[in-house]
Structures are given as C-alpha cells and as structure tokens.
Amino acid sequence: MTKREIITPEGRHALYEQHAYSAAIKSGDLLFVSGQVGSLPDGKPEPDFALQVELAFANLQATLKAAGCTLNDIVDVTTFHTDPQNQFDTILAIKQKIFPSAPYPNWTAIGVNWLAGFDFEIKVIARIPATS
C-alpha cells in the first residue's frame with residue numbers, strides 16, 4: 001500500500017485548519033492538490049475577481065512547490081466558476097499567462113453556484129518529478 005504524505009505550503013495554514021483539509025496529498029509519484037482559491041493570508045477571499053484568480057494560481061504554485069513540483073508537472077486541471085459566462089474571458093487571459101504554450105494540461109471547467117465566498121477554484125493532479 002502506498003503511503004500518503006500531506007503537503008502544506010508556507011503561510012496558508014489558517015484556511016486548511018479552519019476547514020480541516022490538506023492542501024495536497026502525495027501518493028506514489030502523484031500529487032493530488034485540493035481546490036486552491038484566491039484566499040488572503042487570513043483565509044478570506046480576495047474581493048477583486050481577476051486578482052482572486054491570479055492569487056488562486058499563486059497559491060497553487062506554492063502548493064506545487066512544497067511538493068517539489070512546478071506548473072509543468074500538472075497533468076489534469078479542474079476549475080470551478082460561479083459565473084462562467086461572465087468570468088471566462090478573465091480566466092482565459094490569466095490562464096494564457098500561466099500556460100503560454102503547449103503541451104497544455106487536461107482541463108475541465110465546471111459552473112457552480114457556491115464556493116464558500118469565492119468565485120474561482122482550481123484543483124490539479126500533478127506527476128512528481130523523479131529525484132536523482
């Protein structure tokens with residue numbers, strides 16, 4: 001049986017403690033990252049939507065880094081949107097900055113009606129690079 005290892009990035013403990021979940025779980029050579037949101041250090045949402053999306057990606061990168069991964073290690077992405085029709089152009093512009101060229105990860109976008117006060121959430125599965 002593969003042992004699970006909890007991954008927690010620096011400085012984001014308030015949100016995880018408040019809601020009792022792990023930022024990510026390392027299992028074998030895979031990293032399963034919980035939904036990352038544009039939370040400020042106190043766990044509250046960034047009110048500006050574009051900044052909230054950028055902060056969600058920054059929080060994602062911090063979680064990946066804590067596990068020894070980068071954006072290039074992402075295999076699968078799932079995003080959740082409270083108002084996809086009105087938010088998608090902003091998200092695509094930010095996504096283009098984050099993933100500027102192929103190969104792109106798989107991506108599934110889901111419209112939802114509640115994200116605990118947030119308007120965007122991103123969860124990923126990444127392959128952990130082999131260490132030499």
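Me: Before we get to the strands, what does it take for two strands to pair here?
Reply: Two strands pair if DSSP finds at least two bridges between them, and I should add at once that this is a predicted model.

Me: OK, so how many bridges join β1 to β2, and which way do they run?
Reply: Strand β1, residues 4–7, is joined to strand β2, residues 24–27, by four bridges, and the two run antiparallel. Within that pairing, Ile6 has Ile25 of β2 as its bridge partner.

Me: And how many bridges join β2 to β3?
Reply: Four bridges join β2 to β3, and these strands run antiparallel. In this pairing Ser27 stands opposite Leu30 of β3, while the hairpin that β2 and β3 form has two residues between the strands, with Gly28 taking a positive phi near 65°.

Me: Switching to the core, which residues have the most contacts inside the largest nonpolar one?
Reply: Leu31, Leu60 and Leu64 have the most contacts inside that core, which has 23 residues. The elements that give two or more residues to this core are β3 (30–37), α2 (49–66), β4 (74–81), α3 (84–98) and β6 (120–127).

Me: Which element gives the most?
Reply: That is α2, which gives six residues to this core.

Me: What is Leu31 in contact with, leaving aside its neighbours within four places in sequence?
Reply: With those neighbours left aside, the contacts of Leu31 include Ile7, Ala24, Ile25 and Lys26, then Leu64, Ala67 and Cys69, and also Val124, Ile125, Ala126 and Ile128. Leu64 is also one of the residues with the most contacts inside the core.

Me: How far is Leu92 from Leu31?
Reply: Leu92, which lies in helix α3, is 61 residues from Leu31 in sequence and 24 Å from Leu31 in space, C-alpha to C-alpha.

Me: Why does Leu92 count as partly exposed?
Reply: Leu92 counts as partly exposed because its relative accessibility is 38%, and that class lies between the cut-offs of under 20% for buried and over 50% for exposed.

Me: New topic: where is Glu46, and is it buried or exposed?
Reply: Glu46 has its place in the loop between β3 and α2, and it counts as buried because its relative accessibility is 15%, where buried means under 20%.

Me: What does the Glu46 side chain reach?
Reply: The side chain of Glu46 reaches the backbone nitrogen of Asp48 at 3.1 Å. Leaving aside neighbours within four places in sequence, Glu46 is also in contact with Gly38, Leu40, Leu51, Gln52 and Leu55.

Terms used. Residues are numbered from 1 along each chain as its sequence is written. This is a predicted model: local features need pLDDT of at least 70, side-chain atom pairs count only at pLDDT 80 or more; totals for chains, interfaces and linings use all residues. Side-chain values use heavy atoms; hydrogens and water are left out. A nonpolar core is a set of buried Ala, Val, Leu, Ile, Met, Phe, Trp, Tyr and Cys residues joined through side-chain atoms within 4.5 Å. Buried means under 20% relative accessible area, exposed over 50%, partly exposed in between (1.4 Å probe, protein chains only). Contact means heavy atoms within 4.5 Å. A polar contact is a pair of N or O atoms within 3.5 Å; within protein, one must be able to donate a hydrogen and the other to accept it, and residues adjacent in sequence count only if both atoms are side-chain atoms.
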